[in-house]
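Here are a few exercises to work through with the model open beside you. Try each task before you read its solution.

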Amino acid sequence: MVFGLANPQRFLSVTRHAPAILGGLAAILFAVGVWLSFTAPEDYQQGDTVRIMFVHVPAAWLSLMVYAVLGGASFFALVFRHVLADVAARAAAPLGAAFTALALVTGSLWGRPMWGTWWEWDARLTSVLVLFLFYLGYMALRASIDDEAKAGRAASVLALVGLINLPIVKFSVDWWNTLHQPTSVLRLDGPTMTADLLAPLLVMAGAYTTLFLALWITAIHGEIRARRAAALQLKAAGRA
Amino acid sequence: MEKDGPGVIARLLVENLAVARGGRTLFSGLSFALEAGHAVALTGPNGSGKTSLLRAIAGLLRPEGGAVAFDGPEGPLDAEEARSRGLHLLGHQDGLKPARAAGDEMAFQARWTGGDAAGLARAAETLELKPLLALETRKLSAGQRRRLALARLVASPRPLWLLDEPLAPLDARWRERLGDLMRAHLDGGGLVVAAVHDPLPIAAREVSL
Amino acid sequence: MSAFLTLYRRELSLAWGRGGGALMACGFYACIAALVPLAVGSEPERLRAVAPGVAWIALALSTLLSLERLYERDYEDGTLDLLALGPAPLAAVAAAKGLAQWTAGGLPLALAAPVAALMLGAPAAMAPLVFAAALVGGLGFAFVGAMGAALALGARRGGVLIALVVLPLFAPPVIFGAGALHAFSEGLNWGPGFALLAAYSLAAVALTPFAAAAAVRNALD
């Protein structure tokens with residue numbers, strides 16, 4: 001089915017209503033998720049501030065998931081020279097960066113009451129920061145090469161290299177963290193997850209994911225149309 | 001030239017080639033075959049794709065459509081091997097680093113393409129480069145730089161010569177000498193594809209873009 | 001193989017000349033090391049604490065200096081076409097460039113690193129480890145940096161772009177190297193950190209040339 005959507009024209013027609021549907025679904029999930037977040041019990045250590053977790057953790061999950069999507073799309077774009085894959089990768093990057101920034105900011109906001117500082121160099125935050133830099137590097141590379149096709153291929157290579165590097169970064173930061181901080185008393189996700197904490201988390205994760213899909217498909221539509229417009233312009237200029 | 005091996009190109013086949021640059025198709029449906037001992041002169045206005053065609057044959061540029069194939073005396077050759085051992089591409093630029101000695105640059109280009117000391121001596125002799133070898137390349141004139149770049153054609157024998165406006169910076173005497181070199185190359189079983197504005201000093205089939 | 005050596009020797013002599021070569025890299029390195037006490041304060045205790053880390057960061061940054069011209073010049077004057085049409089595959093070309101980058105820049109820096117660390121108050125016993133780590137880590141920096149230079153070929157703002165692309169990839173070796181040095185200064189086992197650093201560098205040597213080759217082919221297209 002995936003390859004059936006490979007043709008940009010076909011993709012446009014099949015997914016024409018997807019953004020609206022997904023957007024509506026996302027709105028519902030967000031409503032439910034927010035309600036569940038506020039009705040979930042307080043954490044015995046952190047009180048009400050634990051609710052930031054419901055915004056922060058799904059954002060962090062999405063930041064990683066979108067990078068995996070970026071990597072996968074880049075692979076297809078590079079190896080199969082797939083135009084739609086290239087468009088999909090380009091569209092995913094800013095969204096991934098946004099989720100990562102959201103994770104960093106909410107993590108910092110959560111950290112303030114928890115650790116007393118706006119920033120902590122613990123393993124997770126540091127490796128998420130490096131992930132954010134990966135996104136920035138990808139977007140910068142893409143933007144700095146004038147030829148669109150060349151920019152896409154170079155950025156795809158970078159995305160794949162980053163994909164290999166990501167586990168290494170995670171591992172190295174974990175290792176560094178254990179070197180610099182003896183066992184932490186405070187853990188980021190609090191005590192063991194009970195059902196009434198898990199439910200809002202999963203619902204919010206679902207909401208974020210559907211939101212991502214809605215925005216992503218919208219961006220792909222926009223990019224396909226923009227490329228078509230550019231091609232038509234070029235044709236018209238050629239005839240002039 | 002070596003008589004057998006992955007780089008011995010006896011025939012160049014261009015089939016239905018289409019090349020696009022920056023979203024614009026430069027040409028399409030281009031087909032021709034070139035046998036050993038023969039030459040093709042590529043003509044056409046500026047921007048018509050002569051350089052791109054040469055680069056597509058060399059494998060540096062990926063065509064929009066069609067194919068380029070190489071045949072050896074025994075049968076088809078693997079394109080990548082044929083390209084890395086069987087051809088010389090001489091572009092507009094000379095590939096000479098300005099602050100390096102001409103002799104060093106010539107030696108590198110020749111050795112990189114498989115030439116040896118004997119070949120280098122032959123090249124220096126044929127192209128009258130001896131007085132220039134100690135100079136830094138930025139001190140050479142355009143014609144001298146072109147002769148320096150041509151050295152690898154003489155020093156490292158390879159069957160297929162892809163030349164992009166080879167005569168441009170040369171004076172009349174050297175144009176004639178280059179013609180002699182090309183004729184000798186063709187007589188030895190070589191192939192030449194040259195993009196030109198002026199007529200080539202050798203007999204060549206014309207392909208117009 | 002002989003083609004690889006020919007290219008390596010040439011790249012080496014070009015690298016010595018490029019941007020002043022080793023001397024400028026070492027000068028840059030010394031400048032960073034000199035700025036640190038100005039920024040951090042000259043208390044020996046504080047400096048000693050940051051000495052290994054600073055020596056390491058300065059190494060990473062100094063590697064970035066001559067990267068921009070690694071491929072750019074060859075691209076502009078037509079040499080890259082010649083390199084792509086030679087007997088060695090493009091990955092070997094990329095490896096030769098990375099190796100030359102390390103030999104011309106990384107080795108002198110590896111010699112400068114212990115000197116800077118000592119000047120910042122690191123114990124003399126640490127000097128051999130700093131040298132070894134800088135040598136091994138410098139290899140990883142050179143190869144990853146060379147790959148970044150290939151990716152940014154033909155892009156605007158090449159120098160800064162290469163840094164932006166490459167610095168996140170520098171994070172693991174910086175962590176491993178600085179971790180090993182930190183462990184040494186605490187009297188802990190520096191073996192694991194050093195081993196990980198070596199592993200990263202070797203992986204970079206083995207893998208980045210292929211990515212760089214793909215990037216070069218893309219740029220030549």
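**Exercise 1.** Find α3(C) and α7(C) and work out whether their crossing is right-handed or left-handed, and which residues make the contact.

*Solution.* Start with the handedness: where α3(C) passes α7(C), the crossing is right-handed. Bear in mind that you're looking at a predicted model. Next, place the two helices: α3 covers residues 44–64 of chain C and α7 covers residues 127–151. Their axes come within 10 Å and cross at roughly 30°. Now pick out the touching residues. On α3(C) they are Pro52(C), Ala55(C), Leu59(C), Ala60(C), Thr63(C) and Leu64(C). On α7(C) they include Gly137(C), Gly138(C), Phe141(C) and Gly145(C). Finally, sort the contact by type: you get 9 nonpolar residues, 4 polar ones and no charged ones.

**Exercise 2.** Describe the overall build of chain C: how many helices and strands does it have, and how does its radius of gyration fit with a compact globule?

*Solution.* Count the elements first: chain C has 9 helices and 0 strands, so its pattern along the sequence is simply α-α-α-α-α-α-α-α-α. Then look at the dimensions. The C-alpha atoms fill a box of roughly 55 × 30 × 25 Å along the principal axes. A compact globule of 221 residues would have a radius of gyration near 17 Å, and chain C comes out at 18 Å, which agrees. As for the inside, 57% of the residues of chain C count as buried. One last step: take the contacts in chain C with a separation of 6 or more, and 81% of them join residues 24 or more positions apart.

**Exercise 3.** Which parts of chain A touch chain C, and what kinds of residues sit on that side of chain A?

*Solution.* Begin with the counts: 23 residues of chain A are in contact with 25 residues of chain C. On the chain A side, α5 (123–144) and α6 (148–180) each supply at least two residues. The largest share, 14 residues, comes from α6(A). By type, this side of chain A splits into 17 nonpolar, 4 polar and 2 charged residues.

**Exercise 4.** Track down the largest nonpolar core and see what Leu141(A) touches.

*Solution.* This core has 222 residues. Helix α8 of chain C (residues 158–186) gives the largest share of the core, 17 residues. Among the residues with the most contacts inside the core are Ala92(A), Leu141(A) and Ala151(B). Now zoom in on Leu141(A). Leaving out residues up to four places away in sequence, Leu141(A) touches Ala154(A), Ala155(A) and Leu158(A) in chain A, along with Leu151(C), Ala152(C), Ala155(C), Leu161(C) and Val165(C) in chain C.

Notes. Residues are numbered from 1 along each chain as its sequence is written. Chains are lettered from A and ligands numbered from 1 in the order in which they are written. This is a predicted model: local features need pLDDT of at least 70, side-chain atom pairs count only at pLDDT 80 or more; totals for chains, interfaces and linings use all residues. A nonpolar core is a set of buried Ala, Val, Leu, Ile, Met, Phe, Trp, Tyr and Cys residues joined through C-beta atoms within 7 Å. A residue is buried if 20 or more other C-beta atoms lie within 10 Å of its own, exposed if 12 or fewer, and partly exposed in between; C-beta atoms are placed from the backbone. Helices (H or I, at least four residues) and strands (E, at least two) are DSSP runs, numbered from the N terminus. Two residues are in contact if their C-beta atoms, placed from the backbone, lie within 7 Å. The radius of gyration is taken over C-alpha atoms; the globule rule is 2.2 Å times the number of residues to the power 0.38. Ala, Val, Leu, Ile, Met, Phe, Trp, Tyr, Cys and Pro count as nonpolar, Asp, Glu, Lys and Arg as charged, and the others, Gly among them, as polar. Axes are lines fitted to C-alpha atoms, for helices over the stretch in contact, and angles run from 0 to 180 degrees between N-to-C directions. A crossing is left-handed if the near helix is turned anticlockwise from the far one by less than a right angle, and right-handed if clockwise.
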